[in-house]
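Student: Let's go through this protein together. I'll ask, and you reason it out.

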Amino acid sequence: ADSPVIPDLEEVQEENLAMQVAAPPSLQVNQVLTYHDLDKELMKFAAFQTLDGEVDLKVLTKVLAPEHELREDDVNWDWDHLYTEVSSDIMTEWDQSEKEE
């Protein structure tokens, strides 16, 4: 009854793996840039004004819309209202196509 028992190798390996925990990844985040900061950086560096040294992006950067024009207010969606609106639009289009035929 007091004789020592030699554990199976599989049991020992399972116990060792169960006790090990992977270390979390380390990531250094200094600062998240705003759109305004990104715009400044884009205009500062010539590297961002060409793509692969061949495609000139200056024309594109001149016509990009500024951030304040792209901002929209958050609107809550009501599923019933949205479903009714889309269904009504689809039915209207369907009725118009039947009338045309």
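**Fold and surface**

Student: How many helices and strands make up the secondary structure of the protein?
Tutor: This is a predicted model. From the N terminus on, its elements run α-α-β-β-α-α-α. The secondary structure therefore comes to 5 helices and 2 strands.

Student: Which element has the highest mean pLDDT, and which the lowest?
Tutor: For the whole protein, the mean pLDDT is 77. Residues that reach 70 or more make up 74%. Among the elements, α5 has the highest mean, 92. The lowest, 63, belongs to helix α1 (residues 9-19).

Student: What share of the residues counts as buried?
Tutor: Buried means under 20% relative accessible area. The protein has 101 residues. Its accessible surface comes to about 10,600 Å², with 56% belonging to carbon and sulfur atoms. The buried share of the residues is 2%.

Student: Is Asp95 buried or exposed, or in between?
Tutor: Asp95 sits in helix α5 (residues 79-100). Together with Glu98, Glu100 and Glu101, Asp95 forms a negative surface patch. The range between buried and exposed runs from 20% to 50%. Because its relative accessibility is 35%, Asp95 counts as partly exposed.

Student: Which residues make the nonpolar surface patch of about 300 Å²?
Tutor: One member, Tyr35, lies in helix α2 (residues 35-44). Patch residues need over 30% relative accessible area. The patch is made by Leu33, Tyr35 and Leu38.

Key
Residues are numbered from 1 along each chain as its sequence is written. This is a predicted model: local features need pLDDT of at least 70, side-chain atom pairs count only at pLDDT 80 or more; totals for chains, interfaces and linings use all residues. Side-chain values use heavy atoms; hydrogens and water are left out. Patches are made of residues with over 30% relative accessible area and no salt bridge: like charges are joined within 9 Å, nonpolar side chains (Val, Leu, Ile, Met, Phe, Trp, Tyr) within 5 Å. Accessible areas come from the Shrake-Rupley method with a 1.4 Å probe; for residues, only the protein chains shown count as cover. A salt bridge is a side-chain nitrogen of Lys or Arg within 4 Å of a carboxyl oxygen of Asp or Glu. Lys and Arg count as positive and Asp and Glu as negative; His and the chain ends are not counted. The place of a charge is taken as NZ of Lys, CZ of Arg, CG of Asp or CD of Glu. Helices (H or I, at least four residues) and strands (E, at least two) are DSSP runs, numbered from the N terminus. Buried means under 20% relative accessible area, exposed over 50%, partly exposed in between (1.4 Å probe, protein chains only). pLDDT is the predictor's confidence in each residue, from 0 to 100.
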